[in-house]
Amino acid sequence: MKMALTMKDTFYISHGSPMLSIDESLPARHFLQSWKDKVFSLKPKSILVISGHWDTSFPAVNIVQRNDTIYDFYGFPDPMYKLKYPASGAPELALRVKELLMASGFKRVDEDRERGLDHGAWVPLMLMYPEADIPVCQLSVQSERDGNYHYNLGKALAPLKDEGVLIMGSGATTHNLRTLSKNMGSAGGVFPWALEFDNWVKDALLQGRYEDVNHFQEKAPYAKMAHPWPDHFYPLHVAMGAAGENAKAKLIHQSWELGSLSYSSYQFTSAT
């Protein structure tokens with residue numbers, strides 16, 4: 001019997017704007033395209049994505065044989081709506097996620113047998129694993145809960161790393177769409193509040209202050225400005241929790257778009 005590859009790492013990817021799918025000028029696009037060569041060379045057995053674009057009252061997994069490509073964005077260039085990421089589903093992984101969560105005290109985990117991949121999943125994956133030959137499952141966030149809840153969600157998923165599963169949170173380190181500015185972005189500028197929040201997150205993660213990050217709404221400067229709604233930040237907490245309390249965080253990419261959209265992305269390496 002072939003032993004599953006052990007994954008020591010979990011990841012949080014800031015997927016930024018859907019334009020990442022076609023805009024060659026974005027540094028984050030080139031970062032993700034270099035994924036297998038420069039960031040993570042192991043090929044996982046399957047991938048679990050926790051995306052800020054799937055927000056439910058209770059944890060939910062998608063159980064499908066083949067993932068449809070969901071175009072959950074509006075008013076973008078036509079070619080983006082023709083892109084496909086035909087990765088197969090991972091129904092066994094989905095049921096394993098449900099089993100682990102329920103064993104850890106999450107009393108209800110829903111099954112969605114129709115949903116495919118939202119752009120928080122397929123846009124980065126299209127760049128990271130363009131062959132679409134790795135099965136993918138999604139797990140939802142619960143934005144009405146807090147960071148600690150999502151950290152514990154991640155902790156429950158930790159055994160998946162020993163089963164060859166790549167756990168990837170996909171969100172945005174800052175996500176206030178009302179503040180996006182083409183003028184600011186074209187000048188290469190970043191709003192001071194966005195920079196301050198982004199730097200606080202970086203310092204807290206690199207120093208291992210995960211408890212502070214769990215309570216970012218009270219601890220971080222400009223938290224409400226950076227995340228008027230926390231759906232795009234909670235995937236970070238899941239990746240962090242899955243790595244374990246003594247995990248080492250590493251900043252693997254940092255760039256900005258439109259003055260306030262951070263692409264800061266992190267790798268968490270388990271201590272054991």
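A polar contact is a pair of N or O atoms within 3.5 Å; within protein, one of the two must be able to donate a hydrogen and the other to accept it, and residues adjacent in sequence count only if both atoms belong to side chains. In the predicted model described here, the side chains of Asp231 and His232 are joined by such a contact, at 3.3 Å. Asp231 is found in the loop that runs between helix H10 (223–226) and helix H11 (234–243). Although Asp231 is buried, it has no salt bridge. The nearest side chain of opposite charge is that of Lys224, 10 Å away. Once neighbours within four places in sequence are left aside, the residues in contact with Asp231 are Gly52, Asp55, Val141, Ser143 and His175.

Lys224 itself lies in helix H10. With a relative accessible area of 62%, Lys224 counts as exposed. Its side chain reaches the backbone oxygen of Pro228 at 3.1 Å. The C-alpha atoms of Lys224 and Lys84 are separated by 35 Å, and the two residues are 140 residues apart along the chain.

Helix H4 (residues 119–128) is largely enclosed by the rest of the structure, because ten of its ten residues are buried. These buried residues are His119, Gly120, Ala121, Trp122, Val123, Pro124, Leu125, Met126, Leu127 and Met128. They pack against four strands and two helices, namely strands E1 (9–14), E2 (46–55), E5 (136–141) and E6 (165–171), together with helices H1 (27–33) and H2 (35–39). At the start of H4, the backbone nitrogen of Gly120 has a side-chain oxygen of Asp118 within 2.9 Å.

Trp122 of H4 also belongs to a cluster in which ring pairs link Tyr71, Phe73, Phe76, Tyr81 and Trp122. The structure holds 15 aromatic pairs. In one of them, the ring centres of Tyr71 and Phe73 are 6.3 Å apart and the planes stand at 85 degrees, so the pair is edge-to-face. Phe73 is buried, at 4% relative accessibility. Tyr71 also pairs with Tyr81; here the centre-to-centre distance is 6.0 Å and the angle between the planes is 55 degrees, a tilted arrangement. Both tyrosines lie in the loop between strand E3 (60–62) and helix H3 (91–103), so the pair ties together parts that are ten residues apart in sequence. Tyr81 is partly exposed, its relative accessible area being 27%.

For helix H3, 13 residues at 1.5 Å a residue should span 18 Å, and the end C-alpha atoms are 18 Å apart, which agrees. The buried residues of H3 are Pro91, Leu93, Ala94, Val97, Lys98, Leu100 and Leu101. An α-helix has 3.6 residues a turn, so residues three or four places apart point the same way. The packing partners of the buried H3 residues are E2, E3, strand E4 (110–112), E5, helix H5 (147–157) and E6. Gly105, which follows H3, has a positive phi, near 100 degrees.

One residue of strand E2 is Ser46. Ser46 has a relative accessible area of 7%, which places it among the buried residues. Leaving aside neighbours within four places in sequence, Ser46 is in contact with Leu93, Ile134, Pro135, Gly164, Val165 and Leu166. Of these contacts, Leu93 is one of the buried residues of H3.

Notes
Residues are numbered from 1 along each chain as its sequence is written. This is a predicted model: local features need pLDDT of at least 70, side-chain atom pairs count only at pLDDT 80 or more; totals for chains, interfaces and linings use all residues. Side-chain values use heavy atoms; hydrogens and water are left out. Buried means under 20% relative accessible area, exposed over 50%, partly exposed in between (1.4 Å probe, protein chains only). Contact means heavy atoms within 4.5 Å. Rings of Phe, Tyr and Trp (its six-membered ring) pair if their centres lie within 6.5 Å; planes under 30 degrees apart count as stacked, over 60 as edge-to-face and the rest as tilted. Lys and Arg count as positive and Asp and Glu as negative; His and the chain ends are not counted. A salt bridge is a side-chain nitrogen of Lys or Arg within 4 Å of a carboxyl oxygen of Asp or Glu. The expected span of a helix is 1.5 Å times one less than its number of residues.
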